[in-house]
Amino acid sequence: MAFERIQVDPGKMGGVPIIRDLRMPVATIVNMVADGRTTEQILHDFPELEPEDVRQALLFAAAALNERQVPLLSA
């Protein structure tokens with residue numbers, strides 16, 4: 001899948017994946033969703049974002065996890 005709204009550039013924010021040219025880290029959006037914020041709430045607080053930005057941030061995070069071997073946690 002192509003992520004046309006996600007940028008990874010070593011010259012921008014140390015290569016952290018960001019949304020477009022906004023300097024908004026993908027991880028920030030993922031954390032807001034994990035904290036229970038809705039897309040509408042995120043867009044209200046960050047009007048420069050678009051719904052597709054939030055969607056692609058989540059898809060990018062999921063794809064990144066699929067590329068790594070996740071260690072098992074001991075019980």
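Tutor: Before we start, a residue is called buried under 20% relative accessible area, exposed over 50%, and partly exposed in between, with a 1.4 Å probe and protein chains only. The model is predicted, so local features need pLDDT of at least 70 and side-chain atom pairs count only at pLDDT 80 or more, while totals for chains, interfaces and linings use all residues. Residues are numbered from 1 along each chain as its sequence is written, and side-chain values use heavy atoms, leaving out hydrogens and water.

Student: Okay, so is Arg55 buried, exposed or partly exposed?

Tutor: Arg55 counts as partly exposed, because its relative accessibility is 43%. Glu52 is also in the partly exposed class, with a relative accessible area of 27%, and Glu52 forms a salt bridge with Arg55 in which the closest N and O atoms are 2.8 Å apart. By salt bridge I mean a side-chain nitrogen of Lys or Arg within 4 Å of a carboxyl oxygen of Asp or Glu.

Student: Where do Glu52 and Arg55 lie?

Tutor: Both lie in helix 3, 3 residues apart, which is about one turn of the helix. Helices (H or I, at least four residues) and strands (E, at least two) are DSSP runs, numbered from the N terminus.

Student: How many salt bridges are there?

Tutor: The count is 6 salt bridges. Two of them involve Asp53 of helix 3: one with Arg5, where the closest N and O atoms are 2.8 Å apart, and one with Arg20, at 2.6 Å from N to O. Arg5 sits in the segment before strand 1, 48 residues from Asp53, whereas Arg20 is in the loop between strand 2 (18-19) and strand 3 (24-25), 33 residues from Asp53. Arg5, Arg20, Glu50 and Asp53 are linked in a network of salt bridges.

Student: And is Asp53 buried or exposed?

Tutor: Asp53 is buried, with a relative accessible area of 0%. Arg5 counts as buried as well, at 18%, but Arg20 is partly exposed at 23%.

Student: Which other residues in helix 3 are buried?

Tutor: Alongside Asp53, the buried residues are Val54, Gln56 and Ala57. Seen down the helix axis, the buried residues fall within an arc of 165° (taken from the directions from the axis to the C-beta atoms), so they line one face of helix 3. On the other side, Pro51 and Asn66 are exposed. The buried residues pack against strand 1, strand 2, helix 1 and helix 2.

Student: New topic: which residues make up the largest nonpolar core?

Tutor: The largest core has 12 residues, including Phe3, Met24, Leu43 and Val54. Such a core is a set of buried Ala, Val, Leu, Ile, Met, Phe, Trp, Tyr and Cys residues joined through side-chain atoms within 4.5 Å. Helix 1 (26-34), helix 2 (39-45) and helix 3 each supply at least two residues, and helix 1 gives the most, with 3.

Student: What about aromatic pairs, how many are counted?

Tutor: The count is 1 aromatic pair. Phe3 and Phe60 form this pair, which is edge-to-face, with 5.3 Å centre to centre and 85° between the planes. Rings of Phe, Tyr and Trp (its six-membered ring) pair if their centres lie within 6.5 Å, with planes under 30 degrees apart counting as stacked, over 60 as edge-to-face and the rest as tilted. Phe3 is in the segment before strand 1 (6-7) and Phe60 in helix 3 (residues 51-66), so the pair links distant parts of the chain, 57 residues apart.

How values were computed: Contact means heavy atoms within 4.5 Å.
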